Every structure is written in structure tokens, then in C-alpha cells.
Amino acid sequence: MPNFYETDFYTWTQEQANFLRHHQWNQLDLPNLIEEIESLGRKERQELRNRLSVLIGHLLKWEYQPKERSRSWLATIRVQRREIIKLLGDNPSLKPYLEEALQESYENGRDLASGETNLPLSTFPQQCLYLFEEILSDRFYPGESTTHDLMN
């Protein structure tokens, strides 16, 4: 029987699901199945870091370029907050990883903010000054307060 893991991943996943469904334990490709299950957990951690990076980048832009604030930036901040909260709700075991993820994501967020604002990287603090609770709070917009027009 061919092993589709290397040649047709979709077929391999359907085949493995079928073996599981029908209790055909001896047919399972255990080494690759274990690897894929572990990678699913890594993907959840990566999604958390990616979303935090985008959110932090936009919070930095918001704080350091107040004259450029836009509804687009606001929408990105709101969407990323909601998605992070959903991700943590679906994966509560990620909560002990939050501080590490925040530190790892800050560097990417800082790069994003620098690249999108054309401000030197040195403009932004080297360490994240935002608390995780602030980052996820729908009331936290660093720097000058938001204008009424953008918030409505």
C-alpha cells in the first residue's frame, strides 16, 4: 500500500481519518500522524504570535503616528483583539505561553510599525511597554486619545 504522506498529503489525511474511524489501528502511519498532531499545536502558538505581532504593530503606529490614524488601523486593532480572544478561548492551554508570545511578537510588531511608518526602528522602545491586559482591552489606544470620528 502506498504511503501518500510525501506525495499527496490530502489523500493521506483522508486515509488516516478513515483508518481511525474504522479502528484500523495497524494501518495507521503513526510516525507521521504523531508529527502532524504535534504540528497542529505549534500552529496555534504561531497564530497567536502572528496576531499579536500585527496588533502590536498597529498599536505602535497608533501611538507614534497620531496624525496618520485611520479607520483601517482601528479596524485592524479591533479584529486582531477579537481573534486573539477567540483563539485563547478555543485554546486555554495557550495562556501560560502569553508572556513569552508577547515578547516574541513585540519584535515583529516593532519591525512592522517601523516599516509601515517609515520611522526609524529606534523610535520604538526595545521592550514592550504594554501589558497583555492592555493590548486586549477595547479601551486601550496608546498615545493621544482617539478622535470621536474614528471610534464611531
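The questions and answers below concern a predicted model of one chain.

User: How many helices and how many strands does the chain have?

Analyst: Along the sequence, the pattern of the chain reads α-α-α-α-α-α. The count of secondary structure elements is therefore zero strands and, for helices, six.

User: Is the chain more spread out or less spread out than a compact globule?

Analyst: For 152 residues the globule rule gives 15 Å. The radius of gyration of the chain is 21 Å, well over that value. Along the principal axes, the C-alpha atoms fill a box of roughly 65 × 30 × 25 Å. The radius of gyration of 21 Å against 15 Å is the reason to call the chain more spread out than a compact globule.

User: Among contacts between residues at least 6 apart in sequence, what percentage join residues at least 24 apart?

Analyst: A contact here requires heavy atoms within 4.5 Å. Of such contacts in the chain between residues at least 6 apart, the share joining residues at least 24 apart is 66%.

User: What percentage of the exposed area of the chain do carbon and sulfur atoms supply?

Analyst: Of the 152 residues, 38% count as buried. The chain exposes about 9500 Å². The part of this area that comes from carbon and sulfur atoms is 52%.

User: How far apart are the mean positions of the positive and negative charges?

Analyst: The chain carries 17 positive and 24 negative charges. Taking the mean position of each set, the separation is 8 Å.

User: Is asparagine 32 buried or exposed, and which side chain does its own side chain meet in a polar contact?

Analyst: Asparagine 32 sits in helix 2, which covers residues 30-64. Its relative accessible area is 16%, and because buried means under 20%, asparagine 32 is buried. Leaving aside neighbours within four places in sequence, asparagine 32 is in contact with Asn3, Tyr5 and Trp12. Its side chain also makes a polar contact, at 2.8 Å, with the side chain of aspartate 29.

User: Where is histidine 23 found, and what is its phi near?

Analyst: Histidine 23 is in the loop between helix 1 (9-21) and helix 2. Its relative accessibility is 54%, so histidine 23 counts as exposed, the cut-off being over 50%. Phi of histidine 23 is positive, in a residue other than glycine, and is near 55 degrees.

User: Which loop holds asparagine 118?

Analyst: Phi of asparagine 118 is near 65 degrees, a positive value in a residue other than glycine. With a relative accessibility of 70%, asparagine 118 counts as exposed. Asparagine 118 lies in the loop between helix 4 (98-117) and helix 5 (132-136).

User: How far apart in space are the C-alpha atoms of alanine 113 and tyrosine 64?

Analyst: Alanine 113 is in helix 4, while tyrosine 64 is in helix 2. The two residues are 49 residues apart along the chain. Their C-alpha atoms are nonetheless separated by 9.0 Å.

User: Is alanine 113 buried or exposed, and which residues does it touch beyond four places in sequence?

Analyst: The relative accessible area of alanine 113 is 0%, so by the cut-off of under 20% alanine 113 is buried. Not counting residues up to four places away in sequence, alanine 113 touches Gly57, Leu60, Lys61 and Phe124.

User: Which residues does tyrosine 64 touch, not counting those up to four places away in sequence?

Analyst: Tyrosine 64 has a relative accessible area of 28% and is partly exposed, because this value falls between 20% and 50%. With sequence neighbours up to four places away set aside, tyrosine 64 touches Leu119, Thr123, Phe124 and Pro125.

User: What does the side chain of threonine 117 reach at 3.1 Å?

Analyst: Threonine 117 lies in helix 4 and is buried, with a relative accessible area of 6%. Beyond four places in sequence, threonine 117 touches Lys61, Gln65 and Phe124. At 3.1 Å its side chain reaches the backbone nitrogen of leucine 119.

User: How far apart are the C-alpha atoms of aspartate 90 and serine 70?

Analyst: Aspartate 90 is in helix 3, residues 71-90. At 63% relative accessibility, aspartate 90 counts as exposed. Aspartate 90 and serine 70 are 20 residues apart along the chain, and the separation of their C-alpha atoms is 30 Å.

Technical notes:
Residues are numbered from 1 along each chain as its sequence is written. This is a predicted model: local features need pLDDT of at least 70, side-chain atom pairs count only at pLDDT 80 or more; totals for chains, interfaces and linings use all residues. Side-chain values use heavy atoms; hydrogens and water are left out. Helices (H or I, at least four residues) and strands (E, at least two) are DSSP runs, numbered from the N terminus. The radius of gyration is taken over C-alpha atoms; the globule rule is 2.2 Å times the number of residues to the power 0.38. Buried means under 20% relative accessible area, exposed over 50%, partly exposed in between (1.4 Å probe, protein chains only). Accessible areas come from the Shrake-Rupley method with a 1.4 Å probe; for residues, only the protein chains shown count as cover. Lys and Arg count as positive and Asp and Glu as negative; His and the chain ends are not counted. The place of a charge is taken as NZ of Lys, CZ of Arg, CG of Asp or CD of Glu. A polar contact is a pair of N or O atoms within 3.5 Å; within protein, one must be able to donate a hydrogen and the other to accept it, and residues adjacent in sequence count only if both atoms are side-chain atoms.
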